[in-house]
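Grab a pencil and work through these exercises one at a time. Try each task yourself before you read the solution.

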Amino acid sequence: MDELKMKAELRSAQEQGSKASGRLRRSGMIPAAVNRIEGGTTLVKFNAHDFGVMLKHHSSEQVLVSLELEGKVVPALMREVQHDVMTGAPIHVDFGEVSLTKKIRVSIPIRLFGEPEGVKLGGGVLQQTLRAVDVDCLPTDIIEHFDVDVSALKLAQTLFVRDLKMGDKYVIITPKDIPLAGVVAVEEEAAPVAVEGATPAAPEVLAKGKKEEEGAAPAAGAKAAAPAAGAKAAPAAKAAPAKK
């Protein structure tokens, strides 16, 4: 992963609290907190535009950032980004200072690529059952996602966590026997059972468009609506006695 750098400033006493944080956001700044290795928390702020540019090409929020703070560089893992529920804009960021020489535990997303053989030739469907794995690694070895080639997967085959080849930099913590992805057969719908004397029903078509508005007149040729719940059904005609 490319090294990310960002300039941060300490927040003054007047820039702390919910109201002060709102004023910071309106002025184009984002409030943040850095949990320090030696203990305690440092409250900082940084430019919202610069933060957006930094994350433009990074989909993961769990990235290593070099914070330039008071003339020093503080390596910190971006732990969480809070977003506005209406606009989606970032409103607060939590960082955790880390040592570049000690391994930490992180969750790395899994991204599948390739068309499985069981899908291309066997008509199956690829299912991903695990989206990320927990690993121990150095902060400098954190990656946004781990790519897994599934093109060799045949029908009814499954990949497990133990099948991942992540190299010596990573110690996988997720249990090895957890399934990661597999190719399964498409289940066919059961054929309707024919009832003697019953008129076969037309197949139901699931429309992809918008539903008809309630109260709209049925289209030509459409069947009449079923009787409302609770309505009494008309008595069935008695069968004529068989001739001896």
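**Exercise 1. Work out which side chains of strand β1 point to which face, and find the strand next to it.**

Step 1: Look at residues 4-7, which make up strand β1. Strands here are DSSP runs of E with at least two residues, helices are runs of H or I with at least four residues, and both are numbered from the N terminus.

Step 2: Sort the side chains. L4 and M6 point to one face and are buried, while K5 and K7 point to the other face and are not buried. Buried means under 20% relative accessible area, exposed means over 50%, and partly exposed is in between (1.4 Å probe, protein chains only).

Step 3: Find the partner. β1 runs parallel to strand β5 (residues 64-69), and four bridges join the two. Two strands count as paired if DSSP finds at least two bridges between them. Across from K5 you'll find S66 in β5.

**Exercise 2. Decide how far you can trust the different parts of the model.**

Step 1: Know what you're looking at. This is a predicted model, where local features need pLDDT of at least 70 and side-chain atom pairs count only at pLDDT 80 or more, while totals for chains, interfaces and linings use all residues. Residues are numbered from 1 along each chain as its sequence is written, and side-chain values use heavy atoms, with hydrogens and water left out.

Step 2: Check the overall score. pLDDT is the predictor's confidence in each residue, from 0 to 100. The protein has a mean pLDDT of 81, with 74% of its residues at 70 or more.

Step 3: Compare the elements. Strand β3 (residues 29-35) has the highest mean pLDDT, 97, and helix α2 (residues 48-54) the lowest, 89.

Step 4: Spot the weak stretch. Over residues 195-244 the pLDDT is below 50, and beyond near neighbours in sequence this stretch has zero contacts in the model. A contact means heavy atoms within 4.5 Å. Where pLDDT is low, don't read the predicted coordinates in detail.

**Exercise 3. Describe helix α1 and what it packs against.**

Step 1: Find the helix at residues 18-26 and list its buried residues: A20, S21, G22 and L24.

Step 2: See what they face. The buried residues of α1 pack against β3 and β4.

Step 3: Look just past the end of the helix. G28, just after α1, takes a positive phi of about 90°.

**Exercise 4. Trace three salt bridges and say where their partners sit.**

Step 1: Get the rule straight. A salt bridge is a side-chain nitrogen of Lys or Arg within 4 Å of a carboxyl oxygen of Asp or Glu. By this rule there are seven salt bridges.

Step 2: Start with E97 and R36, whose closest N and O atoms are 2.8 Å apart. E97 is in strand β7 (residues 90-97) and R36 is in the loop between β3 and β4 (41-47), so this pair links distant parts of the chain, 61 residues apart. E97 counts as buried because its relative accessibility is 19%, whereas R36, at 21%, counts as partly exposed.

Step 3: Move on to K154 and E117, which meet in a salt bridge at 3.9 Å, N to O. K154 lies in the loop between β11 (146-149) and β12 (158-160), and E117 lies in helix α3 (residues 117-120), 37 residues apart. K154 is partly exposed at 40%, and E117 is partly exposed at 31%.

Step 4: Finish with K169 and D141, also a salt bridge at 3.9 Å, N to O. K169 is in the loop between β12 and β13 (171-172), while D141 is in the loop between β10 (132-137) and β11, 28 residues apart. D141 is buried, with a relative accessible area of 16%.

**Exercise 5. Put the strands of the open sheet in order.**

Step 1: Write down the order. Four strands form this open sheet, β11-β8-β10-β13, with mixed pairing.

Step 2: Mark the edges. β11 and β13 are the edge strands, since each pairs on one side only.

Step 3: Zoom in on one pair. β10 and β13 run antiparallel and are joined by two bridges. D136 stands opposite V171 in β13.
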